[in-house]
Amino acid sequence: MQPLIIEEVLTRPQAISWLPWAVQYFFFIGIAACAALFGCVLHWRKQDNAALENLTLLIALTCAITAPLALTADLHQTARVWHFYAYPTPWSWMPWGALFLPLFTAFLGFWFLAMVLNKLTHKSYTVTKWLALASALCAIGLLVYTGREVSIVEARPLWFSYAFPLAMFLSALQTFFALLIVGIRHDVALQHKLAGGQLVTLLALAAVVVFWASGNTLSGAAIRQWLTLSASARNYAVGWLAFWLISVLFCAVAVRRPLSLPSRALLALSAMALCWLMRWTLLIQGQTLPKFNAQFNPYTLPAGTDGWLALLGTFGLWVALLIMVRETVNMFERRVQHG
């Protein structure tokens with residue numbers, strides 16, 4: 001008779017690597033990249049819509065400044081950033097991000113300055129269209145980089161899908177449209193067009209998510225298993241659906257008739273909440289799933305600089321930048337008008 005052998009497997013919870021700062025980076029850089037692409041199209045169409053282009057650049061620039069600050073805070077060894085430039089590894093996605101991110105912010109800054117000078121001096125500059133094109137090309141590079149640095153990680157099946165970067169792009173794009181709808185006050189026809197664009201983007205986002213979750217892939221199977229085993233995953237899915245439905249409802253109304261300012265603000269908040277919650281669910285909660293062990297890795301959001309303070313501070317920084325940049329431009333305009 002064979003003796004009974006009992007083997008005990010011990011597992012140890014693993015701390016997450018990416019903190020809430022990473023969510024803030026992915027949130028703001030997605031909006032900034034979408035704004036740069038939209039602004040480039042506006043500029044090269046050569047149609048006189050200066051107000052829309054200026055608002056687009058304001059959103060792009062402020063988000064492009066906020067995003068790298070959040071990313072720097074998330075880096076565990078910030079002083080080693082220079083290694084990306086001193087020891088290039090082009091086969092990895094991270095060095096490409098270190099190249100595209102500063103170029104993107106710089107080109108956007110010069111483009112914004114050129115547009116401000118245009119408003120103050122009423123002179124157009126040929127270099128502006130090339131700054132717009134350079135910003136758009138860097139935006140494409142950032143969208144590809146931020147999507148692929150996550151979706152290439154096969155060790156986390158939840159992320160391992162080409163649908164990940166597409167979903168991140170569409171969620172950021174619909175948020176950008178919502179922010180424009182809030183900022184455009186008097187042009188009702190333009191609000192209708194932007195609402196239509198956001199509605200189409202929301203429908204495309206839903207199609208991508210459904211295809212992703214139902215697909216016969218490693219990532220699709222991981223999503224379905226997570227929803228089956230985890231009550232919190234189902235709660236996050238309900239949150240996605242709720243914010244998506246609210247945004248679709250407001251957009252459907254906005255396509256037919258103009259929304260009041262409070263309604264447009266609610267649309268923007270719902271769109272931003274959907275975009276942010278998708279990133280939080282996938283990037284932070286996705287890290288709680290088993291990777292090399294046999295148990296879930298618990299995570300609780302702390303109150304300090306790696307938790308609530310990081311989230312509130314980053315959004316506060318963005319709002320402060322919006323106010324500072326806008327008021328600075330208005331101040332120069334008033335000085336020029338009054339001699």
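Read along its sequence, the chain of this predicted model follows the pattern α-α-α-α-α-α-α-α-α-α-α, and its secondary structure accordingly comes to 11 helices and zero strands. The C-alpha atoms of the chain fill a box of roughly 100 × 50 × 35 Å when the box is taken along the principal axes. For 339 residues, a compact globule would be expected to have a radius of gyration near 20 Å, and the value of 22 Å computed for the chain agrees with this expectation. Of the 339 residues, 47% count as buried. Among the contacts in the chain with a separation of 6 or more, 78% are accounted for by residues that stand 24 or more positions apart.

The accessible surface of the chain comes to about 17800 Å², and 69% of this area belongs to carbon and sulfur atoms. With regard to charge, the chain has 21 positive and 11 negative side chains, and the centres of these two sets lie 10 Å apart. Side chains of opposite charge can pair when their charged atoms come close. The structure holds one salt bridge, in which the side chains of Glu327 and Arg326 meet at 3.3 Å, from N to O. Glu327 has a relative accessibility of 34% and therefore counts as partly exposed, since this value falls between the limits of 20% and 50%. Arg326, with a relative accessible area of 39%, is likewise partly exposed.

Individual residues were then considered in order to place parts of the chain in relation to one another. Asn54 is found in helix H2, which covers residues 50–74. Because its relative accessible area is 17%, and the limit for a buried residue is under 20%, Asn54 is classed as buried. When neighbours within four places in sequence are left aside, Asn54 is in contact with Met115 and Lys119.

Helix H4, which covers residues 93–121, contains Ala106, and Trp93 also has its place in helix H4. Ala106 counts as partly exposed at 34% relative accessibility, and Trp93 counts as partly exposed at 28%. The C-alpha atoms of Ala106 and Leu19, which are 87 residues apart along the chain, are separated by 26 Å. For Trp93 and Arg148, which are 55 residues apart along the chain, the separation of the C-alpha atoms is 7.3 Å. Apart from neighbours within four places in sequence, Trp93 is in contact with Val144, Tyr145, Arg148, Glu149 and Ile152, so that Arg148 appears here as a contact of Trp93 within the cut-off of 4.5 Å between heavy atoms.

Further along the sequence, Thr288 lies in the loop between helix H10, which covers residues 261–284, and helix H11. Thr288 is buried, with a relative accessible area of 9%. Not counting residues up to four places away in sequence, Thr288 touches Phe296, Asn297 and Tyr299. The C-alpha atoms of Thr288 and Ala15 are separated by 8.3 Å, although these two residues are 273 residues apart along the chain.

Helix H11 covers residues 308–337 and includes Leu311. With a relative accessible area of 4%, which is under the 20% limit, Leu311 is buried. Leu311 and Trp21 are 290 residues apart in sequence, yet their C-alpha atoms are 7.2 Å apart in space. Once neighbours within four places in sequence are left aside, the residues in contact with Leu311 are Pro20, Gln24, Trp276 and Leu301.

Conventions
Residues numbered from 1 in each chain as written. Predicted model: local features only at pLDDT ≥ 70, side-chain atom pairs only at ≥ 80, totals over all residues. Heavy atoms only, no water. Helix = DSSP H or I, 4+ residues; strand = E, 2+ residues; numbered from the N terminus. Rg over C-alpha atoms; globule rule 2.2 N^0.38 Å. Buried < 20%, exposed > 50% of the residue type's maximum accessible area, 1.4 Å probe, protein only. Areas by Shrake-Rupley, 256 points an atom, 1.4 Å probe, with all protein chains shown as cover. Lys, Arg positive; Asp, Glu negative; His and termini not counted. Charge placed at Lys NZ, Arg CZ, Asp CG, Glu CD. Salt bridge = Lys/Arg side-chain N within 4 Å of Asp/Glu carboxyl O.
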